[in-house]
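Let's walk through this structure together, one topic at a time. Keep the sequence and the 3D view open as you read.

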2 protein chains.
Amino acid sequence: MSNFKKTNVGANVPRIELHDILNLTGAEVTVNNLPANGSVPFVHSHKKNEELYFVISGNGQLYIDGEILELHPKDCFVINPLGKRAIKAGDSGLSFICIQVKEGSLEGFTMNDGIINEEKAPWMK
Amino acid sequence: MSNFKKTNVGANVPRIELHDILNLTGAEVTVNNLPANGSVPFVHSHKKNEELYFVISGNGQLYIDGEILELHPKDCFVINPLGKRAIKAGDSGLSFICIQVKEGSLEGFTMNDGIINEEKAPWMK
């Protein structure tokens with residue numbers, strides 16, 4: 001079985017959910033494109049999952065626990081499960097990624113979990 | 001304690017690791033900017049973690065288990081822990097996000113884990 005699965009999210013659809021497309025087992029990842037001044041129509045929180053958002057392009061606002069923050073390209077923010085959140089695009093629309101993972105689920109990472117292999121890619125030879 | 005932490009990765013540094021900056025507990029997320037024709041100098045795999053990559057901009061190549069695939073903006077791909085991988089930028093450089101999570105760690109998500117709250121953001125009133 002292949003260790004690899006790939007797609008492209010270039011189509012400017014409102015929302016693509018990658019969990020089922022890529023058979024993800026540790027995260028749900030969505031790519032979201034809100035039109036100018038568009039918004040998610042409700043405030044939400046989570047039971048067990050923390051969310052990391054990455055702003056690809058555009059501008060907008062984040063509502064979080066009663067506060068409003070302006071969003072700009074390459075902003076990254078994490079929200080703990082209980083945070084009450086909603087997002088609205090500004091005049092430029094807003095494209096962002098949302099990564100949903102179970103809080104506390106990561107054990108090792110990078111140096112602890114990675115293994116450097118002896119095999120070489122063609123450009124290493 | 002705040003349910004929220006934010007940073008900006010606009011500075012075009014080679015690599016930013018968000019785990020410690022944002023106190024992530026379910027993922028390590030890195031934002032990577034390889035210069036034109038730059039590459040990660042080794043092939044690696046993982047013990048327990050699957051990785052999801054998202055290409056922000058530029059072009060390049062992925063080496064995966066002996067295969068080479070061309071990379072384009074908005075490509076998303078998942079690699080299971082055992083996949084042997086390396087990435088190289090093309091002539092345009094390559095900016096990408098890498099999301100590292102423990103394989104099999106996600107329990108519920110979206111409709112199963114999300115809670116719609118009664119409170120409203122200002123734009124909902």
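## A salt bridge to start with

Which side chain of chain A meets the side chain of E107(B) in a salt bridge at 2.8 Å, N to O? The partner is K102(A). In this predicted model, the pair runs between the chains, with E107(B) sitting in the loop between β8 and β9 of chain B and K102(A) in strand β8 of chain A. K102(A) is partly exposed, at a relative accessible area of 23%, and E107(B) is partly exposed too, at 46%.

E107(B) also forms a salt bridge with K48(A), where the closest N and O atoms are 3.0 Å apart. Because K48(A) belongs to the loop between β4 (43-46) and β5 of chain A while E107(B) belongs to the loop between β8 and β9 of chain B, this pair likewise joins two chains. K48(A) has a relative accessibility of 44%, so it counts as partly exposed. Put together, K48(A), K102(A) and E107(B) make up a network of salt bridges.

## Two copies and their axis

How do the two chains relate to each other? A turn of 180° with a shift of 0.0 Å along the axis lays chain A on chain B, and the RMSD is 0.0 Å. The two copies are therefore related as by a two-fold rotation axis. If you would like to find that axis on your screen, look for S105(A): among the residues of chain A, its C-alpha comes closest to the axis, at 3.1 Å.

Both copies use the same surface, since 99% of the contact residues of chain A recur in chain B. You can see this in a salt bridge met above: K48(A) pairs with E107(B) at 3.0 Å, and E107(A) pairs with K48(B), again with the closest N and O atoms 3.0 Å apart.

## The contact between the chains

Chain A brings 86 residues to the contact and chain B brings 85 residues. About 7300 Å² of area is buried between chain A and chain B, and carbon and sulfur atoms give 58% of that area.

On the polar side, eight salt bridges are counted between chain A and chain B. There are also 54 residue pairs in polar contact between chain A and chain B, with both residues at pLDDT 80 or more. On the side of chain A that touches chain B, β5(A) supplies the largest share, with nine residues.

Over all chains, the whole structure holds 12 salt bridges. One that stays inside chain A links the side chains of E17(A) and R15(A), at 3.2 Å from N to O. Is this pair buried or exposed? Something in between: E17(A) is partly exposed with a relative accessible area of 39%, and R15(A) is partly exposed at 41%.

## The nonpolar core

Which residues have the most contacts inside the largest nonpolar core? They are L18(A) and L18(B), in a core of 32 residues. Both chains take part in this core: β3 (28-34), β5 (49-64), β7 (75-79) and β8 (85-102) of chain A, and the strands β3 (28-34), β5 (49-64), β7 (75-79) and β8 (85-102) of chain B, each supply at least two of its residues.

Take a closer look at L18(B). Leaving aside residues up to four places away in sequence, L18(B) touches L52(A) and C76(A) in chain A. Within chain B, its contacts are T7(B), V9(B), N23(B), L24(B), E28(B), V29(B) and V31(B).

## Two residues with positive phi

Most residues other than glycine have a negative phi. Two residues of chain B are worth a visit with that in mind.

N23(B), one of the residues that L18(B) touches, has a positive phi near 55° without being a glycine. You will find N23(B) in the loop between α1 (18-21) and β3 of chain B. Its relative accessible area is 49%, so N23(B) is partly exposed, given that exposed means over 50%.

T110(B) is not a glycine either, and its phi is positive at about 50°. T110(B) sits in the loop between β8 and β9 (114-117) of chain B, and E107(B) is in the loop between β8 and β9 of chain B as well. With a relative accessible area of 21%, T110(B) is partly exposed; buried would mean under 20%.

Note on methods: Residues numbered from 1 in each chain as written. Chains lettered and ligands numbered in written order. Predicted model: local features only at pLDDT ≥ 70, side-chain atom pairs only at ≥ 80, totals over all residues. Heavy atoms only, no water. Core = buried A, V, L, I, M, F, W, Y, C linked by side-chain atoms within 4.5 Å. Buried < 20%, exposed > 50% of the residue type's maximum accessible area, 1.4 Å probe, protein only. Helix = DSSP H or I, 4+ residues; strand = E, 2+ residues; numbered from the N terminus. Contact = heavy atoms within 4.5 Å. Least-squares fit on C-alpha atoms with pLDDT ≥ 70 in both. Buried area = accessible area lost by both parts, 1.4 Å probe. Salt bridge = Lys/Arg side-chain N within 4 Å of Asp/Glu carboxyl O. Polar contact = N/O pair within 3.5 Å; in protein donor to acceptor, adjacent residues only side chain to side chain.
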